[in-house]
Amino acid sequence: MTVQGLVIERVAPGSIAAELGMEPGDRLVAVNGLPVEDILDYRFLTCEEELTITLVKASGEEWLCDVEKDYDDDLGVDFAGGGLEPIRRCQNRCLFCFVDQMPRGLRPTLYVKDDDYRLSFTQGNFITLTNLRERDLERIIRQRLSPLYISVHTTNPALREKMLGHPRAGKIMEQLHRLGQGGIEMHTQVVLCPGINDGVELERTVRDLVNLWPAVRSVAIVPVGLTRYREGLFPLRPFTREEAGEIVEQVQTWQDHCLERCARAVVFASDEFYLLAEKEVPPALRYDDFPQTENGVGLVRLFLDEWEQVSPSLPRALPCPRKVTVATGVLAERVLAPVVDRLNEIENLAVELAVIPNRLFGPQVTVTGLVSGRDILAALEGSNPGQTLILPAVMLRQPEQIFLDGMTVQELSSLLDRPVIVVDGPAGLVETCVKC
């Protein structure tokens, strides 16, 4: 037989796999006679209580291992590459692609353009469906790989082919219908580009996607991200304050319609639109169950609601003098400034808000999540950040605590010669500020 399958990287001591004699370097190639291509096949096929596992030892010897187990028992193995290699690469040439406008020297993984439905299911990565084959669609439905996160951008076939630079991009509605009929739930996004897929095109896209409810559970509208490295790329511009306000008003109208029809808001504008338009973010009820926080949708509302909960319990004074600095991106200054003002009412506490310009990507990039370690270092050079520098967790890849430019929190702390604390939300912020 052709040896493919998954290479075992680790066997848990005392596990079923250890009892069977499985070892690192062995290759698991089939379960009950069905081939195992990746971790999803493995999980799907090993749910049965009686298994016959085809194993190829590192020596080339083939074993057949019979297993009787409870339904939810795991064999106790980890696979090389998480059982998902090789990753499917993106075949598109999107005119707004953020990777194409990144400088050199960032974390190597940031340059990898994946478009893999397995990562969409396991990690929430957005995919375009342009590289999906018939057998992929059948597998997604058969194995119930739901929900999926899908980059739609527009439902106009010709416009989508132009925006994604792929001849199969125009099949999106056919694919979404197929997935929906197969019982797959989908969270979708529209990267909005002024003068291209906004206006009447956005109206069409939202209408088409909402008509697929309840299969389409959410539609997130996010503004195109533009860096200073766009030489030779398709000409794009950012949204103005007035245009952002119009988007916010459109979304509210669509939400009103969806709340009446579906009892769900369904359509969301990213926080960036509200901050750019200088509009209040909606209440939590307008975010359903916050399905797209990783896409920057609803994070401000969650922050404000948590602040409302923790602020009444702030102390009147600290037992000792304390000075800290809180770093943020340009766009979030409006959210954090009132919080810092309130913290400064605490006796013996001095909190400084450091708004960090984005030197790495350029001034048009203002979101906090794209601030680099070098940006912070340059902004605070020659200043006195006090006893502690506080950073929001959104700036870093977790759990390693690494910035986009590869700098670690430890390295930043050493260069600034003071502790750097990463917090996730108002509760962590308050705890760090008042800790003498």
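## Helix α12 and some backbone oddities

The buried residues of α12 are covered by elements that include β13 (347-356), β14 (388-392) and α13 (409-416). This is a predicted model, so take a look at it with that in mind. The helix itself runs over residues 373-380, and its buried residues are Gly373, Asp375, Ile376 and Leu380. They sit on the same side of α12, because they cover an arc of only 160° around the axis. That fits a general rule: an α-helix has 3.6 residues a turn, so residues three or four places apart point the same way. After α12 comes glycine 382, with a positive phi near 85°.

Two other residues also have a positive phi, and neither valine 266 nor phenylalanine 290 is a glycine. Here's where they are:

| Residue | Phi | Loop | Relative accessible area |
|---|---|---|---|
| Valine 266 | about 70° | between α8 (241-262) and β11 (267-269) | 1% |
| Phenylalanine 290 | about 55° | between α9 (271-277) and α10 (299-310) | 18% |

Is valine 266 buried or exposed? Valine 266 is buried, at 1% relative accessible area. Phenylalanine 290 counts as buried too, at 18%, because the cut-off is under 20%.

Now for the cis peptide bonds. One links glutamate 85 to proline 86, with omega near -5°. Proline 86 is in the loop between β6 (77-79) and α3 (117-123). Another goes from glutamine 398 to proline 399, and its omega is near 0°. Proline 399 belongs to the loop between β14 and α13, and both of those elements help cover the buried residues of α12.

Methods: Residues are numbered from 1 along each chain as its sequence is written. This is a predicted model: local features need pLDDT of at least 70, side-chain atom pairs count only at pLDDT 80 or more; totals for chains, interfaces and linings use all residues. Side-chain values use heavy atoms; hydrogens and water are left out. Buried means under 20% relative accessible area, exposed over 50%, partly exposed in between (1.4 Å probe, protein chains only). Helices (H or I, at least four residues) and strands (E, at least two) are DSSP runs, numbered from the N terminus. The arc is that of the directions from the helix axis to the C-beta atoms. Contact means heavy atoms within 4.5 Å.
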